[in-house]
Amino acid sequence: MGKKNFIYNRISRKIASEERSKAQREAERMRQEFTANVSHELKTPLQSISGYAELLKSGMVRQEDVQQFAERIYSESQRMITLVNDILELSHLDEGMEDIVREDVDLYEIAKDAVASLEEEAAGAGVSLEITGEPSIINGYSRLLSLIIYNLCENGIKYNNPRGSVKVDINDFADRSVLTVNDNGIGIPIDQQERVFERFYRVDKSHSKEVGGTGLGLSIVKHATAIHNGEIHLVSAPKYGTTITITFRKGDKA
Ligand code: ADP
């Protein structure tokens, strides 16, 4: 090896290792931020559960208010369960899903099941939920694909108005499958459209809490889509609604 080549190789190795350690530092920073957020998000419902329980324990609550206190304890603990499930889901995704199998699946069938499981929630919110499209086979993780569609539809229902609608559509092309979830709900302001995919980011924290949100749904969607080498496209306008399109390339075996 010539001297020039030797020096060149050493320099490029040094740059590569610097880039690696930069990426490692960034990953470390994100992990720390995530841990701090998780602790904060878990502490809030836990504090109110503890507060209500303490009042009940002290015997200071009037008999007619006991039911209401019990309901608050119940709903806050349900919130914690949802949150812990979402956190576990994300950490499972972070680990790379090595324990589950990838197979050829029909995106339309998966979407139909996800829609069916949300019918009651949609009816409760006075929102219509429908699916159109055609069979489309891709190679992927059926549970994750179902999670993607479920989360997107649930958001379409939660961030909507009574008599609103959520439409799911599956389109099949020779080289790709396209999932579209469209709603005519409250929409997302343009300056926050990138941020909604961040962990724990919510446009309106109190509204999200009211409708049972954790701020993790879209980050799970983003992560699960990346595992499938898919691409997400979001179009939204406040008061008009939101359309999220995900394209899955066929023949992609990540
Ligand atoms: P959450 O559990 O709060 O619903 P997500 O990660 O699923 O969390 O979404 C992040 C935020 O993006 C939500 O809190 C909400 O403000 C906004 N958002 C997501 N989907 C929609 C939608 N279809 N219409 C309007 N706002 C949405």
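Which helix is Glu41 found in? Glu41 is found in helix 1, and this tour of a predicted model comes back to that residue after a look at the whole chain.

**The whole protein**

Show everything as a cartoon. The protein has 7 helices and 7 strands. Read from the N terminus, these elements follow the order α-α-β-α-α-β-β-α-β-β-α-α-β-β. Along the principal axes, the C-alpha atoms fill a box of roughly 90 × 45 × 35 Å.

Now switch on the surface. About 15,300 Å² of the protein is exposed, and carbon and sulfur atoms supply 52% of that area. Of the 254 residues, 39% are buried. Take the contacts between residues at least 6 apart in sequence: 73% of them join residues at least 24 apart.

**Helix 1**

Select residues 3-58, which form helix 1. The 56 residues of this helix should span 82 Å at 1.5 Å a residue, and the end C-alpha atoms lie 81 Å apart, so the two values agree. Step past the end of helix 1 to Gly59, which follows it and has a positive phi, near 75°.

Next, pick out the buried residues of helix 1: Phe34, Val38, Glu41, Pro45, Ile49 and Tyr52. To see part of what covers them, add helix 2 (63-94) and helix 6 (205-210) to the view.

**Glu41**

Zoom in on Glu41. Is Glu41 buried or exposed? Its relative accessible area is 7%, under the 20% cut-off, so Glu41 counts as buried.

Show side chains around Glu41. One polar contact, of 2.7 Å, runs from the side chain of Glu41 to the side chain of Arg202. Another, of 3.4 Å, joins the side chains of Glu41 and Lys205. Leaving aside residues up to four places away in sequence, Glu41 touches Arg79, Leu83, Phe200, Arg202 and Lys205.

**Two residues with positive phi**

From Glu41, move to Phe200, one of the residues Glu41 touches. Phe200 is found in the loop between strand 5 (176-183) and helix 6. Phe200 is not a glycine, yet its phi is positive, about 70°. With a relative accessible area of 7%, Phe200 is buried.

Then select Arg163, in the loop between helix 5 and strand 4 (165-172). Arg163 also is not a glycine and has a positive phi, of about 75°. Is Arg163 buried or exposed? Its relative accessibility is 78%, over the 50% cut-off, so Arg163 counts as exposed.

**The ligand**

Finish at the ligand and show the residues around it. There are 19 of them, and Tyr159, Ser208, Thr214, Gly215 and Leu218 come nearest. By type, this shell divides into 8 nonpolar, 8 polar and 3 charged residues.

Which residues have a polar backbone atom close to an oxygen atom of the ligand? Thr214 has one 2.7 Å from a ligand oxygen, and Gly215 has one 2.8 Å from a ligand oxygen. For a side chain, select Lys158: an N or O atom there is 3.0 Å from an oxygen atom of the ligand.

How much of the ligand does the protein bury? Taken alone, the ligand exposes 530 Å², and the protein buries 96% of that. As a last selection, colour helix 5 (142-158) and helix 7 (217-227), the elements that give two or more residues to the shell around the ligand.

Conventions
Residues are numbered from 1 along each chain as its sequence is written. This is a predicted model: local features need pLDDT of at least 70, side-chain atom pairs count only at pLDDT 80 or more; totals for chains, interfaces and linings use all residues. Side-chain values use heavy atoms; hydrogens and water are left out. A residue is near a molecule or strand if one of its heavy atoms lies within 4 Å of it. A polar contact is a pair of N or O atoms within 3.5 Å; within protein, one must be able to donate a hydrogen and the other to accept it, and residues adjacent in sequence count only if both atoms are side-chain atoms. Accessible areas come from the Shrake-Rupley method with a 1.4 Å probe; for residues, only the protein chains shown count as cover. Helices (H or I, at least four residues) and strands (E, at least two) are DSSP runs, numbered from the N terminus. Ala, Val, Leu, Ile, Met, Phe, Trp, Tyr, Cys and Pro count as nonpolar, Asp, Glu, Lys and Arg as charged, and the others, Gly among them, as polar. The expected span of a helix is 1.5 Å times one less than its number of residues. Buried means under 20% relative accessible area, exposed over 50%, partly exposed in between (1.4 Å probe, protein chains only). Contact means heavy atoms within 4.5 Å.
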